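Reader: I'm new to this one and would rather understand one corner properly than skim the whole thing. Could you take me through a single part, step by step?

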Amino acid sequence: MAQTHFFRSASSLSRAIQSKRITSVDALQYFLRRVDVLNKDLRAVIWMDAEAALRRAEKADEALAKGDIWGTLHGVPMLVKDSWEAEGQLCTSGGFSALGNHRPRRSADAVQRLSNAGAVIFGRTNMPMLAGDWQTYNRRYGLCSNPWNLARTPGGSSGGSAAALAAGLTPLELGSDMAGSIRLPCHFCGVYGHRPTFGVVPTRGHLPGSPGCLAPMDMVVAGPMARTPQDLVLALDVLAGGPSDVSLRGGLQAHLPRPTLTNLRQFRIGVWVDDPLHPLGQAVGEKVEALVQILQSSGATVKVVPSLKPFGMRMGTLRDIMNAFWPLFGGVSSNAIPERMVSTLKYGLGPLLGALGRLPNASPVGLDGHRLATCVTD
């Protein structure tokens with residue numbers, strides 16, 4: 001069986017399974033083997049139930065043989081971030097001790113929609129405790145590394161998700177994002193991610209908040225992660241809609257409009273090239289300049305600016321934005337994090353990181369390239 005089928009997009013894999021060129025069982029066994037070989041160094045995948053996944057893959061193949069297609073992801077194996085509840089799976093939100101043996105009886109709405117579309121969810125990916133960092137470390141599952149360079153971080157908080165995609169351990173992932181938790185790891189690992197508008201994808205069953213909580217956390221969104229942009233469209237079509245308790249009864253439903261702009265000549269693009277709070281490295285700056293040239297030569301209207309103020313924004317620098325964001329982050333997060341951390345979230349990024357370093361159980365990440373922040377363990 002040609003392995004090229006398995007390392008392609010989720011869309012391609014789905015077509016190959018539905019056309020019976022490969023089986024769901026073959027695809028799952030391929031990814032299980034890759035996890036077995038590669039994950040020891042990556043620590044991207046932290047929990048699997050291969051037997052349950054194989055039973056579901058076998059049922060997917062049996063259904064297909066009878067002409068029954070469950071959905072657009074029929075038989076496609078995939079992983080999900082450890083922040084998402086999945087029925088019967090161990091869900092610890094990055095090794096948080098209060099969730100040490102949490103096995104929910106009901107899947108998160110987003111996870112259930114992937115399953116309803118036919119996905120075979122065979123495991124869970126690493127993340128910082130309670131999704132609270134831009135790298136991926138926790139005391140229970142250890143340090144997740146970037147598959148392109150094991151001495152570097154994959155980012156966070158969906159770092160295990162991005163690392164697993166880049167290493168070919170899964171064709172699709174479900175991440176979550178409040179402050180870059182999908183976008184940053186995708187950037188670090190060279191994969192694709194989408195942070196939808198708040199409320200487009202339901203977040204019931206995301207940890208944090210708390211198990212059984214029905215109210216969504218403000219600013220937290222669920223979003224797909226993949227190796228191709230086409231897979232983001234595929235997954236978002238599956239995920240989008242109101243809370244399941246409402247939409248399944250014919251209430252709130254999502255009908256996402258298709259893009260109206262189809263050619264780069266139709267776009268006006270602003271490029272914010274640098275900021276004194278986090279100066280751009282030379283290598284990255286050269287890539288940004290090359291991208292600007294490609295966009296301009298393709299007919300797009302591109303405006304390069306030193307800050308956001310030329311676009312009429314009152315908060316024109318990264319420091320302005322961070323000083324506004326962190327008090328909001330503290331208020332939103334305070335119902336879902338340990339009490340001793342709450343006071344560190346009130347006054348901006350600098351006091352936050354400084355306070356984390358003074359906590360008695362705080363432990364810095366021990367490898368060069370991973371020292372983006374100080375990790376807090378409960």
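In what sense do S7 and strand S8 (residues 221-226) pair, and over how many bridges?

Author: Before we zoom in, a quick caution: this is a predicted model, so local features need pLDDT of at least 70 and side-chain atom pairs count only at pLDDT 80 or more, while totals for chains, interfaces and linings use all residues. Residues are numbered from 1 along each chain as its sequence is written, and side-chain values use heavy atoms, with hydrogens and water left out.

Now your strands. S7 and S8 pair in the antiparallel sense, over two bridges. Strands here are DSSP runs of E with at least two residues, helices are runs of H or I with at least four, and both are numbered from the N terminus. Pairing takes at least two DSSP bridges between two strands. To find the pairing by eye, look for Gly193, which stands opposite Met225 in S8.

Zoom out a little and you'll see that these two belong to an open sheet of three strands, in the order S6-S8-S7 and with antiparallel pairing. S6 (172-177) and S7 (192-193) are the edge strands, each paired on one side only.

Next, follow the chain into the loop between S7 and S8. Pro208 is found there, and Gly209 has its place in that loop too. Here the backbone does something worth pausing on. The peptide bond from Leu207 to Pro208 is cis, with omega near 0 degrees. Step along to the bond from Pro208 to Gly209, and that one is cis as well, again with omega near 0 degrees.

Those residues also bring us to a hole in the model. Searching the whole structure turns up two cavities of 30 Å³ or more, a cavity being a set of points on a 1 Å grid where a 1.4 Å probe fits but cannot get out. The second largest has a volume of about 80 Å³, counted as the space filled by probe spheres set on the points. Its lining (residues with an atom within 4 Å of a point) includes Pro208 and Gly209. Thr203, Arg204, Gly205 and His206 are also part of that lining, and so are Ser210, Cys213, Ala215, Pro216, Met217 and Val220. Sorted by class, the lining has six nonpolar residues, five polar and one charged. For that count, Ala, Val, Leu, Ile, Met, Phe, Trp, Tyr, Cys and Pro are nonpolar, Asp, Glu, Lys and Arg are charged, and the others, Gly among them, are polar.

For a bit of context, take a look at another sheet. It is an open one of three strands in the order S1-S3-S2, and its pairing is mixed. Its edge strands are S1 (45-48) and S2 (77-81), each pairing on one side only. S1 pairs with S3 (residues 120-125) in the antiparallel sense, over three bridges. If you want a spot to click on there, Val45 stands opposite Thr125 in S3.

One last stop is Lys20, in the loop between helix H1 (10-18) and H2. Phi of Lys20 is near 65 degrees, a positive value in a residue other than glycine. Then head back to Gly193 and Met225, the facing residues we began with.

Terms used: On a 1 Å grid over the protein atoms alone, a cavity is a set of points where a 1.4 Å probe fits but cannot get out, and a pocket is an open set with protein on both sides within 12 Å along at least five of seven lines; lining residues have an atom within 4 Å of a point.
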